[in-house]
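Student: I would like to take a close look at a single part of this model and follow it through in one connected account. Please keep to what the coordinates themselves can support.

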Amino acid sequence: MSEQTPFNPEANKLPSGLNVLTILTFIGCAIGLGSGVWQFFGAKKGLDAMEEMINSGKVDEMPAFARSFYSPEALEQARVAYENRLPIFIIGIVGIALCLYGALQMRKLKSQGYMMYVIGELLPFVGYLIFVGVASLTGMGGIIGIVIAGLFILLYTMQRKYLIHK
């Protein structure tokens with residue numbers, strides 16, 4: 001086995017697993033940024049569309065699982081998210097920046113990148129909990145987000161052995 005030193009370029013080569021994860025993180029950051037901007041600027045339109053659907057009476061014709069997306073609780077959650085869209089957006093942008101910075105640091109094999117990434121991944125969930133409440137994380141979108149974030153944190157944790165304290 002080769003020892004990891006600045007004088008051994010082969011030892012400082014980026015492992016393929018870490019390379020793939022960081023590339024996927026860059027893609028996820030771009031998607032997250034686009035999604036955050038879209039949600040911020042389209043929040044009122046989405047809230048109005050939800051209210052219109054509920055008031056139209058068409059919700060009663062939907063299957064049971066779809067009706068749950070248009071419940072009074074879901075409407076109130078959408079209203080609270082709309083009212084708090086600026087702090088939610090800012091927290092999301094900070095989370096994306098931390099994930100991006102962390103991935104860039106891990107590409108340099110720096111271990112502090114891992115902690116920056118984990119903080120950036122969890123920060124938006126904390127923001128939603130503070131500003132919207134627990135219900136915001138229990139819907140399908142929240143569950144999918146938690147699963148993806150958890151999976152990436154787990155995969156990065158498995159790659160920590162390649163990171164160096166610098």
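Within what distance do the axes of α1 and α6 come, and at roughly what angle do they cross?

Tutor: The model is a predicted one, and what follows should be read with that in mind. The axes of α1 and α6 come within 10 Å and cross at roughly 150°, and since angles over 145 degrees count as roughly antiparallel, α1 is roughly antiparallel to α6. The crossing in which α1 passes α6 is left-handed. On the α1 side the contact is made by L18, L21, T22, L24 and T25, and on the α6 side by F152, L155 and Y156.

Helix α6 itself covers residues 140-158, and at 1.5 Å a residue its 19 residues should span 27 Å, which agrees with the 27 Å that separate its end C-alpha atoms. Its buried residues are G142, A149, F152, I153 and Y156. These cover an arc of only 105° around the axis, so they lie on the same side of α6, whereas M140, V147 and M158, on the other side of the helix, are exposed. The elements that cover the buried residues of α6 include α1, α4 and α5, where α4 runs over residues 85-107 and α5 over residues 112-131.

One residue of the α1 contact set, T25, deserves a separate look. T25 sits in helix α1, which comprises residues 16-56, and its relative accessibility is 5%, so T25 counts as buried. Apart from neighbours within four places in sequence, T25 is in contact with F152 and Y156, and also with C99, A103 and Y117. F152 and Y156 are among the buried residues of α6, while C99 and A103 are among the buried residues of α4.

That leads to α4, whose 23 residues should span 33 Å at 1.5 Å a residue, in agreement with the 33 Å between its end C-alpha atoms. Its buried residues are I88, I91, G92, G95, I96, C99, G102, A103, Q105 and M106, and the elements that cover them include α1, α5 and α6, together with α3 (residues 72-83). V94, which is also found in α4, is partly exposed, because its relative accessible area of 38% falls between the 20% and 50% limits. The C-alpha atom of V94 is separated by 8.4 Å from that of P124, although these two residues are 30 residues apart along the chain.

Further along α4 lies Q105, which at 6% relative accessibility counts as buried. With its neighbours within four places in sequence left aside, Q105 is in contact with K110, Q112 and G113. After α4 comes L109, with a positive phi near 65°. Most residues other than glycine have a negative phi, and L109 is a residue other than glycine with a positive value. L109 belongs to the loop between α4 and α5, and with a relative accessible area of 3% this loop residue is buried.

To return to the pair you asked about, the roughly antiparallel arrangement of α1 and α6 has T25 of α1 and both F152 and Y156 of α6 among its contact residues, and T25 is in contact with C99 and A103 as well.

Terms used
Residues are numbered from 1 along each chain as its sequence is written. This is a predicted model: local features need pLDDT of at least 70, side-chain atom pairs count only at pLDDT 80 or more; totals for chains, interfaces and linings use all residues. Side-chain values use heavy atoms; hydrogens and water are left out. Helices (H or I, at least four residues) and strands (E, at least two) are DSSP runs, numbered from the N terminus. Buried means under 20% relative accessible area, exposed over 50%, partly exposed in between (1.4 Å probe, protein chains only). Contact means heavy atoms within 4.5 Å. The expected span of a helix is 1.5 Å times one less than its number of residues. The arc is that of the directions from the helix axis to the C-beta atoms. Axes are lines fitted to C-alpha atoms, for helices over the stretch in contact, and angles run from 0 to 180 degrees between N-to-C directions. Angles under 35 degrees count as roughly parallel, over 145 as roughly antiparallel, 65 to 115 as roughly perpendicular and the rest as oblique. A crossing is left-handed if the near helix is turned anticlockwise from the far one by less than a right angle, and right-handed if clockwise.
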